[in-house]
Amino acid sequence: MRADGTRVRNLSSIAQALPYVMSRRYDAQNWASDHVDEEILRTYIRGKRKEGRRVTHMSILVAAYYKAALENPKINRFVMNRKIYQRNHFCFSFVILKNRADGTPDETTLKVFLDPKDTVFSISEKVRRLIEQNSMTGHNNNTDKFANFAFSIPGLARFVFWLAYHLDLHGLLPRKLIELSPFHTSLFVTNLASINTSCIYHHCYEFGTTSVFVCMGKPVGDPFAPPGSRKKLLPLGVVMDERIATGIEYSRFFAAFSRYMKDPTRLEAPLGQDLAPAKAEQSEAAV
């Protein structure tokens, strides 16, 4: 049994066949775009700031995604070695910029684990603490340290990643390495708006278990706004592995996600409340 998930059985014939027809994640990628009302997000963020609470665009997006995923658990599945697994936790990965000791910019990847007791506020605080800790010059998190070790000896990195890939393929990758890897995640998020860059569609990595990648781009004008209006929309570029869920299941998930993005106040209570649909879905996963 894998350390990060449980094999899903009793699938339909088509669902079982898809990982054989599309054996690679890049074969199974679908692209979608969406736009969120930036005015709703900014108004909410400013209102919470006046209350002394810190909330960000990313924490709202992740909270909305997680709550929708709790209601539609198939979105938290992944495919490995042509088998479909239900992930036994929820986490998301993202990249931050930091400065080296010589002042040159660098990147590091962070990973946050969530649970149904989390709210948009606790998610924001988890992200804030992690960014604050890892933005320090000279600080290396465990993922950075592992990568530095792998590249410290010529040829070692190639062997380490080859070994990790094949252990993962057969469900033998240790839990500690899965927890270190940003590529073993329920959701990968990139916030290009933070560097004033347009939205893109970022591929899902073949290495690891990333099934959905969401990119936030810099806000754009609403083409349907009245002439002279300065209303902005936040563009989202979504890339997803079509093998983990059907079209109707993705549709229900994104409908819920959109509903929460339009009303962030619904993310202030523990995200795991009122999850009757999720319990029904979970019964499909075989132990």
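Is Lys67 buried or exposed? In this predicted model, Lys67 is buried, with a relative accessible area of 9%. That value falls below the 20% under which a residue is counted as buried. The residue belongs to helix H3, and the rest of the chain can be followed from there.

The chain first. It contains 9 helices and 10 strands. Its radius of gyration is 19 Å, close to the 19 Å that the globule rule gives for 287 residues, so the chain is as compact as a globular protein of that length. Measured out along the principal axes, the C-alpha trace spans about 55 × 55 × 35 Å. Of the 287 residues, 46% are buried. Contacts across the sequence are also informative: among those between residues at least 6 apart, 72% join residues at least 24 apart.

Next, the surface and the charges. The chain has an accessible surface of about 14900 Å², and carbon and sulfur atoms account for 55% of it. There are 39 positive and 28 negative side chains, and the centres of these two sets lie 2 Å apart.

The interior comes next. In soluble globular proteins, nonpolar side chains tend to be buried together. Here the largest nonpolar core has 53 residues, and Ile60, Leu61, Tyr65 and Phe92 are those with the most contacts inside it. Helix H3, residues 57-71, supplies the largest share of this core, 11 residues. Another core, of 5 residues, lies apart from it and includes Phe188, Cys204, Phe213 and Val239.

Three residues of this region show what surrounds helix H3. Leu61 lies in the helix and is buried, with a relative accessible area of 0%. Beyond its neighbours within four places in sequence, Leu61 is in contact with Val189, Val214, Met216, Leu236, Phe257 and Met261. Cys204, a member of the 5-residue core, is 143 residues from Leu61 along the chain, and the C-alpha atoms of the two are separated by 18 Å.

Tyr65 has its own set of partners. Leaving aside neighbours within four places in sequence, it is in contact with Ile75, Phe90, Ser186, Leu187, Val212, Phe253 and Phe257. Phe257 is thus in contact with Tyr65 and with Leu61.

Lys67 can now be placed by its contacts. Again leaving aside neighbours within four places in sequence, Lys67 is in contact with Tyr260, Arg266, Leu267, Pro270, Leu271 and Gln273. Leu267 is 200 residues away from Lys67 along the chain, yet their C-alpha atoms are separated by 7.9 Å.

Two loop residues remain, and the backbone is the point of interest. Most residues other than glycine have a negative phi. Asn10 has a positive phi, near 55°. It sits in the loop between strand S1 (5-7) and helix H1 (13-21). Asn10 counts as exposed, at 78% relative accessibility.

Asn81 also has a positive phi, of about 55°, although it is not a glycine. The loop that holds Asn81 runs between strand S3 (77-80) and strand S4 (83-87). At 24% relative accessibility, Asn81 counts as partly exposed.

Methods:
Residues numbered from 1 in each chain as written. Predicted model: local features only at pLDDT ≥ 70, side-chain atom pairs only at ≥ 80, totals over all residues. Heavy atoms only, no water. Helix = DSSP H or I, 4+ residues; strand = E, 2+ residues; numbered from the N terminus. Rg over C-alpha atoms; globule rule 2.2 N^0.38 Å. Buried < 20%, exposed > 50% of the residue type's maximum accessible area, 1.4 Å probe, protein only. Contact = heavy atoms within 4.5 Å. Areas by Shrake-Rupley, 256 points an atom, 1.4 Å probe, with all protein chains shown as cover. Lys, Arg positive; Asp, Glu negative; His and termini not counted. Charge placed at Lys NZ, Arg CZ, Asp CG, Glu CD. Core = buried A, V, L, I, M, F, W, Y, C linked by side-chain atoms within 4.5 Å.
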